[in-house]
Amino acid sequence: MSSEENYGIFSYSQLPATSYADWERTDHWFNSFLIPADPVLDAGVANAKKNGLPDIAVSASQGKFLYLLAKSLGVKRIIELGTLGGYSTTWLARALPDDGEHIGLELEAKHAKVAEENVANAGLGSKVKFIVGPALASLKEIPTSPKFDLAFIDADWEHIAEYFQEAKRIVRSGGVIIVDNVVQNGEVSNFGESHAEWAESEGVRRLVKAIQNDKEVEATVIGTVGDKGYDGFLYAIRK
C-alpha cells in the first residue's frame, strides 16, 4: 500500500512513546546545525551557575526562537517578567534595533545583578534596564505609553493571570504576549491525580479561563519537548 493510500488510516497514537532522552538528543542535533557556538551566552550560563542561580532558564532553541520572533516582528520595546540570569534577556535584546529598549522585571536582587553582568558582557547594557521587586507591583508602575511590542512572561505561576492582564494594558494593538511554562509536563490538564490542585497548575488554569472570553486578545498554546522536558507556551496577540 502506498503512503498516500495508507494516510487515511494512520494515527500518531500508533507511534512508540518517546522519552526525555529522545527529546534531548533531537534538540542537541538540530542545535548543532542551527545555533552556532556562542562564547558570550556560554559565559552567561557559567556566571549564573557560579552564583548559584537555578538551572531553569529557557533552552538554547527556545532562546533562538524568541530572538527570531522578536526580529521578525520588528520589535522596538520588550518587557520581560522573570529575567533570572539574563539568558533569555540576551537573546531578546539582540533582536532590538540600536534605539530599542528592553525592561526586565526580577524579584531577586542577586538574580538581577547576575543578569545585568551578563547583559553588559554581551554588549547590550545600553538597551536593557532591570527593575528589582515583585513583578506585579512593578508592572503596575509602568506607564501605558509608549507601548511595548512584546511581553515575555516567565515568572511565578501564582500571579500569572494578573501579569497577563497588566501586560495587556501596556502592549500595543498587534503586539504579542508570550507566557512560558504553561503545560508543566501535562499536569495543567491532569485533574485525576492528588496533585491536581498544585498552585502552579491552578495559576495557569485561571489564566486560560480568563482568556477564554477575553475579546481583547487571540491566543493559543503550543506544547514543546526538548532538553528542558515537556512544557509549552501561550502565544497571544493583543487586538
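Trainee: How many salt bridges does the structure hold?
Mentor: This is a predicted model, where local features need pLDDT of at least 70, side-chain atom pairs count only at pLDDT 80 or more, and totals for chains, interfaces and linings use all residues. Residues are numbered from 1 along each chain as its sequence is written, and side-chain values use heavy atoms, with hydrogens and water left out. A salt bridge is a side-chain nitrogen of Lys or Arg within 4 Å of a carboxyl oxygen of Asp or Glu. The count of salt bridges is 12.

Trainee: Which residue meets Arg 94 in a salt bridge, and is that partner buried or exposed?
Mentor: Helices (H or I, at least four residues) and strands (E, at least two) are DSSP runs, numbered from the N terminus. Arg 94 lies in helix H5 and its partner in the loop between helix H2 (20-34) and helix H3 (39-50), so the pair ties together parts 56 residues apart in sequence. Buried means under 20% relative accessible area, exposed over 50%, partly exposed in between (1.4 Å probe, protein chains only). The N to O distance is 2.6 Å, and at 17% the partner is buried: Asp 38.

Trainee: What separates Lys 113 and Glu 117 in helix H6?
Mentor: Their closest N and O atoms are 2.6 Å apart, in a salt bridge. Lys 113 is exposed at 51%, whereas Glu 117 is partly exposed at 33%. The two are 4 residues apart in helix H6 (residues 109-121), which means a separation of about one helical turn.

Trainee: Which residue does a cis peptide bond join to Ser 145?
Mentor: Omega is about 0° at this bond. The partner sits in the loop between helix H7 (135-140) and strand S4 (148-153). That residue is Pro 146.
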